[in-house]
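Reader: Please pick one part of this structure and take me through it closely. Begin with the overall setting, then work outward from that part.

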Amino acid sequence: MTSESKHIAIAVNDLSIGYFRRKKALAVAKPINFSIESGNLIALVGANGIGKSTLLRTLSGMQAKLKGSIKICGKELSGYSSLERATQLSVVLTEAPASGNLTVRELVSLGRQPYTGSFGFLSEKDKEMIDNALSTTETTPLENRKCYELSDGQMQRVVIARALAQDTPLIFLDEPTTHLDLYHRAYILKLLKRLTSENGKTVLFSTHEIDLGIQLADVMLVMDDLGIHQGSPQQLIEDGKFNNLFPEDTIEFDASNGRFTIKN
Ligand SMILES: Nc1ncnc2c1ncn2[C@@H]1O[C@H](COP(=O)(O)OP(=O)(O)OP(=O)(O)O)[C@@H](O)[C@H]1O
């Protein structure tokens with residue numbers, strides 16, 4: 001690994017994402033290129049159906065790419081074994097995991113699986129990591145509850161806790177604030193920000209809350225029909241990349257305050 005590639009957390013080159021239908025590849029976006037340094041909070045935004053979830057699933061190796069290259073910490077994603085990958089990146093998807101009968105603590109403990117060996121024996125360090133993940137997401141009071149008893153918003157924080165317990169340098173989250181009330185939305189986004197600025201993690205999350213992304217993210221990836229635009233929020237505003245995300249007769253972007261307004 002070169003010293004330069006050490007600092008690039010994610011490098012995507014000519015990446016085509018999509019699905020196979022009757023053995024035929026169907027791309028859902030134009031070829032994607034971007035490169036992101038470690039320690040950044042990255043917000044991925046774009047209209048419904050543009051391909052954000054498909055991109056996150058492809059970057060995390062849960063879905064096959066159609067073509068192109070994905071490098072994670074300087075190494076091609078396909079070169080990692082699944083265990084190695086689990087020590088590099090954790091993923092929080094929108095679908096709730098099949099975990100109904102587990103307690104919250106048991107589910108969060110699964111985050112330690114890459115480190116616990118085949119018997120799943122938890123060391124003192126593992127337990128400490130689990131305690132920290134629960135407390136950081138304010139889910140300690142829920143630790144003995146069954147997952148099926150939780151509200152959507154509580155469950156959302158628990159799956160984020162599992163990702164924190166996994167303690168990976170990269171964290172990918174698909175719409176992590178969807179079910180959260182205003183307080184927990186702000187809390188989780190501030191937490192993600194802290195993980196990057198204080199712990200040096202690289203956090204990539206998709207969101208429909210573009211205003212919040214503009215306020216908090218170091219880097220944004222704006223997906224539209226032309227492809228992906230990468231830049232700081234300010235740079236993307238200046239380049240007009242938010243202006244045409246939605247039909248302009250309904251929603252207008254105000255570059256002076258970085259907010260969208262509904263047109264009368
Ligand atoms: N399993 C699948 N097979 C075929 N096409 C799919 C599949 N899943 C999603 N798609 C299509 O891929 C495109 C991108 O979907 P994706 O879920 O990635 O978009 P998104 O940007 O995450 O949308 P949203 O904001 O609504 O969550 C859509 O046209 C969708 O219909």
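Author: The overall setting comes first, then one helix and its surroundings, then a sheet and the ligand site.

This is a predicted model: local features need pLDDT of at least 70, side-chain atom pairs count only at pLDDT 80 or more, and totals for chains, interfaces and linings use all residues. Residues are numbered from 1 along each chain as its sequence is written.

Start with the whole protein. Its secondary structure comes to ten helices and 14 strands. The radius of gyration is 19 Å, close to the 18 Å that the globule rule gives for 264 residues, so the protein is as compact as a globular protein of that length. That radius is taken over C-alpha atoms, and the rule is 2.2 Å times the number of residues to the power 0.38. The C-alpha trace spans about 55 × 45 × 45 Å along its principal axes. Of the 264 residues, 36% count as buried. Buried means 20 or more other C-beta atoms within 10 Å of the residue's own, exposed means 12 or fewer, and partly exposed lies in between; C-beta atoms are placed from the backbone. Take contacts between residues at least 6 apart in sequence: 65% of them join residues at least 24 apart. A contact needs the two C-beta atoms, placed from the backbone, within 7 Å.

Now the chosen part: helix α7, residues 152–166. Helices (H or I, at least four residues) and strands (E, at least two) are DSSP runs, numbered from the N terminus. Helix α7 has 15 residues and reaches 21 Å from its first C-alpha to its last, close to the 21 Å expected at 1.5 Å a residue. The expected span is 1.5 Å times one less than the number of residues. How many of the 15 residues of α7 are buried? The count is 13, so the helix is largely enclosed by the rest of the structure.

Look next at the two loops that flank α7. The loop between α6 (124–136) and α7 holds E138. E138 has a positive phi of about 55 degrees, although it is not a glycine. It counts as partly exposed, with 16 C-beta neighbours inside 10 Å. At the other end, D167 follows α7. It lies in the loop between α7 and β9 (170–174). Phi of D167 is near 50 degrees, again positive in a residue other than glycine. Most residues other than glycine have a negative phi. Is D167 buried or exposed? D167 is buried, with 20 other C-beta atoms within 10 Å.

A133 offers a view from the preceding helix. This residue is found in α6. It is buried, with 24 other C-beta atoms within 10 Å. Not counting residues up to four places away in sequence, A133 touches V108, G111, A161, L164 and A165. Its C-alpha atom is 16 Å from that of C147, 14 residues along the chain.

Away from the helix, turn to a sheet. An open sheet of four strands runs in the order β4-β1-β6-β7, with antiparallel pairing. The edge strands are β4 (32–37) and β7, each pairing on one side only. Two strands pair if DSSP finds at least two bridges between them. Strands β1 (residues 8–16) and β6 (residues 67–72) share five bridges. Within that pair, V12 stands opposite I70, and A11 stands opposite K71. Strands β6 and β7 (residues 75–76) pair over two bridges. There, I72 has K75 as its bridge partner. The hairpin of β6 and β7 has two residues between the strands, and C73 takes a positive phi near 50 degrees in it.

Last comes the ligand site. Which residues lie around the ligand? They are Y19, V28, G46, N48, G49, I50, G51, K52, S53 and T54. Each has its C-beta atom, placed from the backbone, within 6 Å of the ligand. The shell divides into three nonpolar, six polar and one charged. Ala, Val, Leu, Ile, Met, Phe, Trp, Tyr, Cys and Pro count as nonpolar, Asp, Glu, Lys and Arg as charged, and the others, Gly among them, as polar. Helix α2 (residues 52–59) gives the largest share, three residues.

S53 belongs to α2. It counts as partly exposed, with 19 C-beta neighbours inside 10 Å. Leaving aside neighbours within four places in sequence, S53 is in contact with T94, D174 and S206. The C-alpha atoms of S53 and L173 are separated by 9.3 Å, though the two are 120 residues apart along the chain.
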